[in-house]
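Welcome! Have a look at the model below, and then we can walk through it together in a few questions and answers.

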Amino acid sequence: MIDARNFRDTLGRVPTGVCIITTQNEAGILDGVTVGSFGSLSLDPPLVLWSLDSKANCHQAFRAAKSFAVNVLSEDQTDLSRVFATKEARPWSELTHKPAPKTGAPIFENCCAYIECEMEAIHEGGDHDLFIGRVVRLEAAASGRPLLYFGGSYRRLDTDRVD
Ligand SMILES: Cc1cc2nc3c(=O)[nH]c(=O)nc-3n(C[C@H](O)[C@H](O)[C@H](O)COP(=O)(O)O)c2cc1C
């Protein structure tokens, strides 16, 4: 048996970036969630992936979504990350955001990168679902330091090269 605490602590040794995945449905309703599970999957075709707890409030919205946007957070966006990592309703009217050009999903200012996707596939994976997106638009900031998550805390990237 794998103990849940041990699983979390051990997997917490894997550093991740922090992203807010957002979507807008046909009625214009916005939703979003903070994730550390975002990553690349395939170059040709260009696919990315992330996973979401089936018990998340936004789960149904993403199951039904035809597209989504990935906001890759900068190191000064911990407050924004926290807003989308709670069970509270999202305070959209208090946040500065605009619709992403291709998908209309909300994107925030000053992120390191934006990745717009059409929903390619959704697979069940235990208590999470795996979302696979086909990239339709990419935008990377010329500079920008990413927000990281490691060992249960937000971190900055130490950009010293080790090679
Ligand atoms: C750094 C960080 C990374 C996270 N990564 C994920 C993730 O990959 N998948 C997930 O389902 N929840 C993840 N969470 C937790 C969700 O953000 C959190 O459960 C959120 O409250 C879900 O919102 P909702 O239930 O209101 O939709 C993460 C939280 C943090 C702080």
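Q: How many bridges pair E5 with strand E10, and in which sense, parallel or antiparallel?
A: This is a predicted model, and in it E10 covers residues 128-140. One pair to look for is Ser51, whose bridge partner in E10 is Leu130. E5 and E10 pair in the antiparallel sense, over 7 bridges.

Q: Through how many residues does the hairpin join E4 to E5?
A: Strand E4 spans residues 39-42 and strand E5 spans residues 47-53. The two run antiparallel and are joined by 3 bridges, with Ser40 opposite Val48 in E5. The hairpin that joins E4 to E5 does so through 4 residues.

Q: Which are the edge strands of the open sheet that contains E11?
A: This open sheet has 3 strands in the order E1-E11-E12, with antiparallel pairing. An edge strand here pairs on one side only. That description fits E1 and strand E12 (153-156).

Q: Which residue in E11 stands opposite Thr16?
A: E1 and strand E11, residues 147-150, run antiparallel and are joined by 2 bridges. Look across from Thr16 into E11, and the residue there is Tyr149.

Q: How many disulfides does the model have?
A: A disulfide is a covalent bond between the sulfur atoms of two cysteines. Here, a pair of sulfur atoms has to lie within 2.5 Å to count. By this rule the number of disulfides is 0.

Q: Which cysteine has the sulfur nearest to that of Cys19, and how far away is it?
A: Cys19 is in no disulfide. Its side is a buried one, because its relative accessible area is 5% and buried means under 20%. The nearest cysteine sulfur belongs to Cys111, at 8.9 Å.

Q: Why is Cys58 without a bond to the closest cysteine sulfur, and what is the distance?
A: Cys58 counts as buried, at 3% relative accessibility. The closest cysteine sulfur is in Cys19, and it is too far from the sulfur of Cys58 for a bond. The distance is 14 Å.

Q: Is Val14 buried, exposed or partly exposed?
A: Val14 lies in the loop between helix H1 (4-11) and strand E1 (16-17). Together with Ile2, Phe7 and Leu11, Val14 forms a nonpolar patch on the surface, with about 420 Å² of accessible area together. Because its relative accessible area is 47%, Val14 is partly exposed.

Conventions
Residues numbered from 1 in each chain as written. Predicted model: local features only at pLDDT ≥ 70, side-chain atom pairs only at ≥ 80, totals over all residues. Heavy atoms only, no water. Pairing = 2+ DSSP bridges. Buried < 20%, exposed > 50% of the residue type's maximum accessible area, 1.4 Å probe, protein only. Patch = residues over 30% accessible without salt bridge, like charges linked within 9 Å, V, L, I, M, F, W, Y side chains within 5 Å. Areas by Shrake-Rupley, 256 points an atom, 1.4 Å probe, with all protein chains shown as cover. Salt bridge = Lys/Arg side-chain N within 4 Å of Asp/Glu carboxyl O.
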